[in-house]
Amino acid sequence: MKRTALALTVLVAFFTMSFIITKQDDPIYKNLKVLPKNITAPQMDSVMKSYTAALGVKCTFCHVRNDSTKIWDYASDKKKHKLIARDMMKMTNQINDKYFDVTGKGSKNLGTALMVTCYTCHNGKPEPATKPELRENRNTQQGTPNGGGDANRPRLDSARKQ
Ligand code: HEC
Ligand code: HEC
């Protein structure tokens, strides 16, 4: 009886080890087309959090979660916003490489300080503004002597509805 228990423990240990080994060989992420395949988990976290902050959205804006099991499927490309985001990533990389490659490293290197980011255009909103706010809306708060300085003020809610 003892022998069987021991054999079983060894067997379980063996399976656990082989699981860990194959786990390490597998890339952590399954469906990366723009980000480097060897990206680490902390790097991925910070990239994704920069997107939620830049667009003022939550992860669900781009990723699907099963409502009943509460399990996320980050690799899935089912959400249209994720596909748009991928194009946006490529566009942002191209802008940085073509016009702002100050480091000479290229924007695909995650260590590069990017000049143009999602936030540059999105400013905390899913759809960037294409025109400035109406002057009446800007001037309802106390103005600066030259009437400018609007960029440093928070946007008014009334100005958001176009
Ligand atoms: C604006 C859209 C957007 C938002 C918001 C977003 N993601 Fe992503 N996410 C993407 C895109 C696009 C990819 C694929 C990148 C690629 O192809 O290189 C991705 C990939 C991932 C992956 C890798 C999946 C795999 O296995 O391939 C994980 C994990 C992930 N995101 C987690 C998150 C988390 C957690 C949040 C919230 C904090 C989040 N994402 C918010 C767009 C988004
Ligand atoms: C050069 C400006 C610019 C940059 C940089 C930029 N975007 Fe965008 N993005 C836009 C514009 C403009 C739209 C709106 C397009 C439209 O309304 O059809 C948009 C739309 C989107 C949408 C769709 C929003 C919706 O409501 O359907 C997503 C998602 C998105 N961008 C993600 C990103 C991410 C992620 C980044 C950074 C990797 C990024 N964008 C960088 C200009 C930009």
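Which helices each supply at least two residues of the shell around ligand 1? In this predicted model, the answer is α2, which spans 41–55, and α3, which spans 80–99. To see where these helices belong, it helps to start with the protein as a whole.

The protein contains six helices and two strands. Followed along the sequence, these elements come in the order α-α-β-β-α-α-α-α. The chain has 162 residues, and 3% of them count as buried. Contacts give another view of the fold. Among those that link residues at least 6 apart in sequence, 41% join residues at least 24 apart.

Next come the ligands. Around ligand 1 there are 24 residues, and the closest of them are Tyr29, Asn31, Met48, Cys59 and Cys62. Helix α2 provides six residues of this shell, which is the largest share. Sorted by class, the shell around ligand 1 is made up of 15 nonpolar, four polar and five charged residues.

Ligand 2 has 16 residues around it. Those that come nearest are Ala85, Met88, Cys118, Cys121 and Pro126. Three helices each supply at least two residues of this shell: α2, α3 and α4, the last of which covers 118–122. Here the largest share comes from α3, with six residues. The classes in the shell around ligand 2 are eleven nonpolar, four polar and one charged.

The two shells can now be read together. Helices α2 and α3 each give at least two residues to the shell around ligand 1, and α2 and α3 also each give at least two to the shell around ligand 2.

Terms used: Residues are numbered from 1 along each chain as its sequence is written. Chains are lettered from A and ligands numbered from 1 in the order in which they are written. This is a predicted model: local features need pLDDT of at least 70, side-chain atom pairs count only at pLDDT 80 or more; totals for chains, interfaces and linings use all residues. A residue is near a molecule or strand if its C-beta atom, placed from the backbone, lies within 6 Å of it. Helices (H or I, at least four residues) and strands (E, at least two) are DSSP runs, numbered from the N terminus. Ala, Val, Leu, Ile, Met, Phe, Trp, Tyr, Cys and Pro count as nonpolar, Asp, Glu, Lys and Arg as charged, and the others, Gly among them, as polar. A residue is buried if 20 or more other C-beta atoms lie within 10 Å of its own, exposed if 12 or fewer, and partly exposed in between; C-beta atoms are placed from the backbone. Two residues are in contact if their C-beta atoms, placed from the backbone, lie within 7 Å.
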